[in-house]
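Me: I'm new to reading protein models, and I'd like to go through the empty spaces and the ligand in this one. Can you take my questions one at a time?

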Amino acid sequence: MTPSTRTRRLAVTRGVSPSIGHCALEHLERVPIDPGRAQVQHEAYENCLRALGCHVMRLPVAEDLPDSVFVEDVAVVLDGVALVTRPGAPSRRPETGAVADSLAPHRPLVRMEAPATLDGGDVLAVGRTLYVGRSRRTNADGIAVLEAAAAPRGYAVKPVDFAGCLHLKSAVTLAADGVLVVQPAWVAPDAFDAALERIEVDPQEPFAANVLRIGDVTVCAEAFPRTRRRLEARGIAVAVVDVSEIAKAEGALTCCSLVFEV
Ligand code: CIR
């Protein structure tokens with residue numbers, strides 16, 4: 001590979017807002033969140049991404065945007081295009097500007113307009129297939145806008161029903177090439193290509209299906225050792241981070257970054 005064709009992996013993140021305690025919630029009871037502790041965990045998460053070869057581009061903290069650490073929801077970055085979403089929660093719509101500015105040097109942008117809504121947490125990319133959760137945050141117009149942006153770049157969009165959690169990626173993510181980690185109580189495992197292998201979360205760890213694949217390593221949350229052992233038993237290399245404070249805001253691992261090649 002010549003230097004001119006070498007790619008690097010970028011991870012866009014955003015510091016934890018001091019107002020995170022006022023976050024949007026769908027399924028969790030509101031409990032106090034320590035912003036300082038969440039920020040320490042977030043920095044450890046960023047360090048984990050760096051250790052896995054990402055160049056971390058951290059956007060400035062937005063004091064008045066409680067959920068702004070969850071950058072995944074405001075954009076879907078694909079090969080050849082980035083869709084700036086219109087998040088389903090109105091309180092989150094002002095988050096898009098800073099993230100769009102960070103993506104503009106790297107991808108042509110498509111901006112979603114009303115009445116479409118979509119949260120990036122509902123979009124699971126498996127190669128050129130985009131599974132999209134129909135949720136309280138992601139409506140049919142949002143899915144249509146995603147399809148219009150993605151199809152010309154060779155992506156197929158497949159809507160998926162799920163229930164019981166905030167986003168599709170709370171229920172299923174990619175644990176390795178061709179391997180899903182799934183919470184079967186929230187999404188039917190047969191909603192996905194039959195060729196994909198499935199690892200179910202341990203029944204004692206309902207929130208363990210959100211893992212973050214970076215290259216050949218899968219980042220898992222410290223809170224879910226049983227499910228992590230299932231991945232390890234399958235031969236998957238894992239890294240572990242503690243996101244317990246961030247989890248109180250109904251966020252997890254994929255939510256806190258937008259990772260893509262440049
Ligand atoms: C929200 O309700 O939008 C935030 N409190 C949590 C968003 C987490 N994002 C994600 O799962 N992709």
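What follows is a set of questions and answers about the pockets, the ligand, the cavity and two backbone spots.

Me: Before we start, what kind of model is this, and how are residues numbered?
Reply: Side-chain values use heavy atoms, with hydrogens and water left out, and residues are numbered from 1 along each chain as its sequence is written. Local features need pLDDT of at least 70, side-chain atom pairs count only at pLDDT 80 or more, and totals for chains, interfaces and linings use all residues, as this is a predicted model.

Me: How much space lies in the largest pocket?
Reply: A pocket here is an open set of points on a 1 Å grid over the protein atoms alone, where a 1.4 Å probe fits, with protein on both sides within 12 Å along at least five of seven lines; a cavity is a set the probe fits in but cannot get out of, and lining residues have an atom within 4 Å of a point. Grid points are joined across faces, edges and corners, and a volume is the space filled by probe spheres set on them. For the largest pocket that comes to about 980 Å³.

Me: Which residues lie nearest the centre of the largest pocket?
Reply: Strands are DSSP runs of E with at least two residues, helices are runs of H or I with at least four, and both are numbered from the N terminus. Strands S3 (75-78), S6, S9 (172-176), S12 (212-214) and S15 each supply at least two residues of this lining. Of the 31 lining residues, those nearest the centre are Val77, Ala125, Arg213, Val259 and Phe260.

Me: Where does the ligand sit?
Reply: A molecule counts as sitting in a pocket or cavity if more than half of its atoms lie within 2 Å of its grid points. The pocket in question holds about 460 Å³ of space, and among its 33 lining residues Phe207, Ala247, Glu250, Gly251 and Ala252 are closest to the centre. By this test, the ligand's place is the second largest pocket.

Me: Which residues come nearest to the ligand?
Reply: A residue is near the ligand if one of its heavy atoms lies within 4 Å of it. There are 15 such residues, and the nearest are Ala24, Asp67, Glu72, Arg137 and Ala249.

Me: What share of the ligand's exposed area does the protein bury?
Reply: Start with polar contacts, which are pairs of N or O atoms within 3.5 Å: a backbone N or O atom of Ala24 lies 2.7 Å from a ligand nitrogen, and a polar side-chain atom of Arg137 lies 2.8 Å from a ligand oxygen. His167 also has a polar side-chain atom 2.9 Å from an oxygen of the ligand. Using Shrake-Rupley accessible areas with a 1.4 Å probe, the ligand alone exposes 350 Å², and the protein buries 98%.

Me: What is the volume of the largest cavity?
Reply: The structure has one cavity of 30 Å³ or more. Its lining includes Ala208, Cys220 and Arg228, and strand S13 (217-221) and helix H5 (225-233) each give two or more residues to it. The volume is about 40 Å³.

Me: Which residues does the cis peptide bond join?
Reply: Most peptide bonds are trans. This cis bond has an omega of about 5 degrees, and Pro115 is in the loop between S5 (109-111) and S6 (123-126). The bond joins Ala114 and Pro115.

Me: What is phi of Glu250?
Reply: Most residues other than glycine have a negative phi. Glu250, in the loop between H6 (244-247) and S15 (258-261), has a positive phi, near 70 degrees.

Technical notes:
Polar contact = N/O pair within 3.5 Å; in protein donor to acceptor, adjacent residues only side chain to side chain.
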